[in-house]
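Here's a quick briefing to read with the model open in your viewer. Have the sequence handy too.

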Amino acid sequence: MDASGSQMPQSYLNECFAAINSQIQLQLYATYIYLSMAYFCNQDEVALGFFALFFLRQSQKWMERIEVLFLLLTERRGSLTLGRIADQDRHEWMDGLMAMECAFHLEKTLNQSLLQLYQLASNQGDTHLCNLLKRHFLQQQVEVLKEMGGYLTNLRQMGAPENRLAEYLFDKLTLAESTKEN
């Protein structure tokens with residue numbers, strides 16, 4: 001099937017467009033949450049600057065991935081249906097560990113949504129969409145979930161959240177090093 005989707009049944013295209021719009025909406029929500037986390041971690045009383053930078057970069061990555069889906073909709077002559085970004089459930093993160101746990105669960109939700117979109121495309125033989133998801137989304141999700149899972153394990157092993165020094169050291173050493181690599 002071609003990239004424009006011209007050989008696909010209209011019922012599939014409608015379902016596909018709805019699923020892509022839903023994915024875009026979820027990714028916009030993720031960028032919103034990540035910006036909120038970055039702001040929280042960057043406040044003077046929290047002072048976890050590399051946590052903030054990590055969350056800000058996650059927000060930017062999701063915005064870039066939204067553009068990929070925008071282009072797909074344009075190629076297929078689909079329409080973009082933006083709804084209101086859901087109000088963030090008033091998150092009162094107490095520390096960096098709590099914010100990272102929330103981010104991990106958010107990434108798992110995004111991953112599940114991407115897998116459902118992939119399954120929809122696969123069931124209809126939409127190789128273009130399957131390849132696009134593999135190339136721009138699915139492998140990156142595996143990597144970020146592994147990375148965040150490792151961060152959470154390290155934070156807990158260091159004694160967070162009870163030991164506030166653990167978060168400080170994790171921020172200054174682990175996340176600072178990670179930002180140099182990226």
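What follows is a short tour of ring contacts, salt bridges, helix geometry and a surface patch.

Keep in mind that this is a predicted model. A search of the whole structure turns up 7 aromatic pairs and 4 salt bridges. Some of these contacts join helices, and those are worth a look.

**Aromatic contacts**
- Ring pairs connect Y34, F51, F54, F55, Y151 and F170 into a cluster.
- Within it, F54 and Y151 pack edge-to-face, with 5.7 Å between centres and 70 degrees between the planes.
- F54 sits in helix 2 and Y151 in helix 4 (residues 127-157), so this pair ties together parts that are 97 residues apart in sequence.
- Y151 also pairs edge-to-face with F170, at 5.3 Å centre to centre and 80 degrees between the planes.
- Since F170 belongs to helix 5 and Y151 to helix 4, that second pair ties together parts 19 residues apart in sequence.
- Buried or exposed? F54 and Y151 are both buried, and F170 is buried as well.
- Elsewhere, R65 lies over the face of W62, 4.5 Å from the ring centre.

**Salt bridges**
- E101 and R156 meet through their side chains at 2.6 Å, N to O.
- This one links distant parts of the chain: E101 is in helix 3 (residues 96-123) and R156 in helix 4, 55 residues apart.
- Both ends count as partly exposed, because E101 has a relative accessible area of 25% and R156 comes in at 44%, and the partly exposed class runs from 20% to 50%.
- R164 and E167 form another salt bridge, at 3.6 Å, N to O.
- Those two both lie in helix 5, 3 residues apart, or about one turn of the helix.
- R164 is partly exposed at 44% relative accessibility, whereas E167 is buried at 2%.
- K172 and D171 make a salt bridge too, at 3.1 Å, N to O.
- Here K172 is partly exposed, at 34%, while D171 is buried, at 0%.

**Helix 2 geometry**
- Helix 2 covers residues 49-75, and at 1.5 Å a residue its 27 residues should span 39 Å; the end C-alpha atoms are 40 Å apart, so the two agree.
- R77 follows helix 2 and has a positive phi, near 60 degrees.

**Nonpolar surface patch**
- M158, L165, Y168, L169 and L173 make a nonpolar surface patch of about 460 Å².
- One of them, L169, lies in helix 5 (residues 164-181) and is partly exposed, with a relative accessible area of 34%.

Methods: Residues numbered from 1 in each chain as written. Heavy atoms only, no water. Patch = residues over 30% accessible without salt bridge, like charges linked within 9 Å, V, L, I, M, F, W, Y side chains within 5 Å. Areas by Shrake-Rupley, 256 points an atom, 1.4 Å probe, with all protein chains shown as cover. Helix = DSSP H or I, 4+ residues; strand = E, 2+ residues; numbered from the N terminus. Buried < 20%, exposed > 50% of the residue type's maximum accessible area, 1.4 Å probe, protein only. Expected span 1.5 Å × (residues − 1). Phe/Tyr/Trp six-rings, centres within 6.5 Å; stacked < 30°, edge-to-face > 60°. Lys NZ or Arg CZ within 6 Å of the ring centre and 35° of its normal.
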